[in-house]
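Visitor: I'd like a quick tour of this one, pockets included. Could you fix the terms before we talk volumes?

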Amino acid sequence: MLRIAVPNKGSLSETAVEMLQEAGYAGRRDPKTLHVVDVENDVEFFYLRPRDIATYVASGALDVGITGRDLLRDVRQPAREIESLGFGGSTFRFAGPPGRFASIQDLAGVRVASAYPGLVGVFLEEHGIAAELVQLDGAVESAVRLGVADAVADVVSTGTTLRQAGLEIFGPVILESEAVLISRPEEAEGTDTLLRRLRGVMVARRYVLLDYDLPADLVDQATAIASGRESPTVSPLRDPAWVAVRVMIPRRGMNQVMDALYALGARAILVTAIHAARL
């Protein structure tokens with residue numbers, strides 16, 4: 001039975017649970033439940049703190065898990081990242097008082113506060129910089145104002161929170177993070193099925209089915225607009241001058257594709273959401 005770690009709270013939890021349910025797995029009915037057995041799919045779910053998931057999986061106590069790449073890299077002996085899941089994106093940067101730091105070389109010998117000392121420590125080591133790391137669990141942006149640190153390393157979205165704390169971003173990006181599927185060192189039986197299902201969910205979220213009617217002599221031009229994964233499905237209609245076309249296209253930009261096909265001569269253009277897929 002495949003043992004899967006799932007975030008029990010935080011920004012990754014809700015989407016991770018939704019993805020697993022869309023992939024056909026059983027979910028928990030009570031948010032306080034920490035263990036669910038899905039007999040039909042031969043898996044067990046363990047709902048854990050996102051920060052602990054990489055440790056459990058790396059040790060082999062659990063087979064696979066969903067966590068953030070940042071949390072994975074913060075563990076000194078990390079598990080294997082096997083797939084990016086396309087949600088929970090974040091960027092890690094350094095920040096400090098305006099004008100104090102021009103580059104990360106200026107961090108040598110100073111105190112750097114972060115909730116991810118493992119991740120930041122490895123990054124600084126790779127750049128040959130020796131700094132004193134101060135571990136905090138939250139409100140990292142206040143560390144400089146309170147005199148706990150000289151600079152911080154934290155998640156940045158727009159930078160507004162850091163600016164409000166009187167800090168400015170400097171230096172290179174430490175890490176581009178997102179939710180990832182991780183595995184123990186030796187892949188467990190059933191991991192490939194889970195991965196295939198999750199990939200199917202991601203495809204279903206990124207693509208839609210497009211159906212339309214078209215004069216038969218315009219198929220080549222329409223295919224140039226929307227070629228599909230391999231090629232469109234073209235079916236004859238009762239009127240031999242027309243055909244029905246079905247094609248899978250990216251959800252993003254679908255309205256522009258519909259506009260282009262209509263301008264070409266397509267009619268009865270319909271878009272259908274994809275619930276699940278295997279490519």
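Guide: Sure: on a 1 Å grid over the protein atoms alone, a cavity is a set of points where a 1.4 Å probe fits but cannot get out, while a pocket is an open set with protein on both sides within 12 Å along at least five of seven lines; lining residues have an atom within 4 Å of a point. Grid points are joined across faces, edges and corners, and a volume is the space filled by probe spheres set on the points. This is a predicted model, where local features need pLDDT of at least 70 and side-chain atom pairs count only at pLDDT 80 or more, but totals for chains, interfaces and linings use all residues. Numbering runs from 1 along each chain as its sequence is written, and side-chain values use heavy atoms, with hydrogens and water left out.

Visitor: What volume does the second largest pocket have?

Guide: Its lining includes Met1, Tyr25, Asp63 and Arg197. By class that lining has five nonpolar, three polar and four charged residues (Ala, Val, Leu, Ile, Met, Phe, Trp, Tyr, Cys and Pro count as nonpolar, Asp, Glu, Lys and Arg as charged, and the others, Gly among them, as polar). The volume is about 180 Å³.

Visitor: Which residues lie nearest the centre of the largest pocket?

Guide: The largest pocket has a volume of about 580 Å³. Its lining divides into ten nonpolar, eight polar and eight charged residues. Of the 26 lining residues, the ones nearest the centre are Ser11, Arg51, Asp70, Leu71 and Tyr116.

Visitor: Which helix gives the largest share of the lining of the largest cavity?

Guide: One cavity of 30 Å³ or more is counted, and about 40 Å³ of space lies in the largest cavity. Helices (H or I, at least four residues) and strands (E, at least two) are DSSP runs, numbered from the N terminus. Three of the lining residues come from one helix, residues 13–22: α1.

Visitor: Is helix α4 mostly covered or uncovered?

Guide: Buried means under 20% relative accessible area, exposed over 50%, partly exposed in between (1.4 Å probe, protein chains only). In α4 the buried residues include Pro117, Val120 and Phe123. With seven of its ten residues buried, α4 is mostly covered.

Visitor: Which strands stand at the edges of the sheet?

Guide: Two strands pair if DSSP finds at least two bridges between them. Five strands form an open, mixed sheet in the order β8-β7-β9-β6-β10. Two of them have a single partner strand each, so one side of each is left without a neighbour in the sheet: β8 and β10.
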